[in-house]
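User: Please take a close look at one part of this model, the largest nonpolar core, and describe which residues build it and what surrounds them. A connected account would help me more than a list.

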Amino acid sequence: MHIDQQYETQLDAFLTSEMAIIKSTLHGLEANSHPEAEETFCRLQIVYQYMLDRLISSNLKNDKRLN
């Protein structure tokens, strides 16, 4: 049980740090007028949302609110 909790803590920290990098990149892409920037922005937004959902799910599991 301790290993699972340690894994979840490390996963949460990883997701949080990667999400910060993605968010920073998204802000840079918003200012970019290059045609490919919009496509990249959309793809990164999907990845960011997935990671956010995963982080929320993990936190709810840790709080025993999700089966």
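Analyst: In this predicted model, the largest nonpolar core is made up of eight residues, namely L11, L15, M19, I22, L26, Y48, M51 and L55. Two elements give two or more residues to this core, helix α1, which covers residues 2-30, and helix α2, which covers residues 35-62. Of these, α1 provides the largest share, with five residues.

A useful member to follow is I22, which lies in helix α1. I22 counts as buried because its relative accessibility is 10%, and the cut-off for that class is under 20%. When neighbours within four places in sequence are left aside, the residues in contact with I22 are L44, V47, Y48 and M51. Among these partners, Y48 and M51 are themselves members of the core. For the pair I22 and Y48, which stand 26 residues apart along the chain, the C-alpha atoms are separated by 6.7 Å.

Seen from the other partner, M51 has contacts with L15, E18, M19 and I22, again leaving aside its neighbours within four places in sequence. L15, M19 and I22 belong to the core together with M51, so the contacts of M51 can be read alongside the definition of a core as buried residues of certain nonpolar types joined through side-chain atoms within 4.5 Å.

Beyond the core list, S58 deserves attention as a residue of helix α2. S58 is buried, because its relative accessible area is 0%, and, apart from neighbours within four places in sequence, S58 is in contact with E8 and D12.

Helix α2 also holds a charged pair, R43 and E39, which are placed four residues apart, about one turn of the helix. R43 forms a salt bridge with E39, and their closest N and O atoms are 2.8 Å apart; the count of salt bridges comes to one by the rule applied here. As for how these two side chains are placed with respect to solvent, R43 counts as exposed because its relative accessibility is 56%, whereas E39, at 45% relative accessibility, counts as partly exposed.

Taken together, the account runs from a core of eight residues, with α1 as the source of five of them, through the buried I22 and the buried S58, to the salt bridge between R43 and E39.

Note on methods:
Residues numbered from 1 in each chain as written. Predicted model: local features only at pLDDT ≥ 70, side-chain atom pairs only at ≥ 80, totals over all residues. Heavy atoms only, no water. Buried < 20%, exposed > 50% of the residue type's maximum accessible area, 1.4 Å probe, protein only. Contact = heavy atoms within 4.5 Å. Salt bridge = Lys/Arg side-chain N within 4 Å of Asp/Glu carboxyl O.
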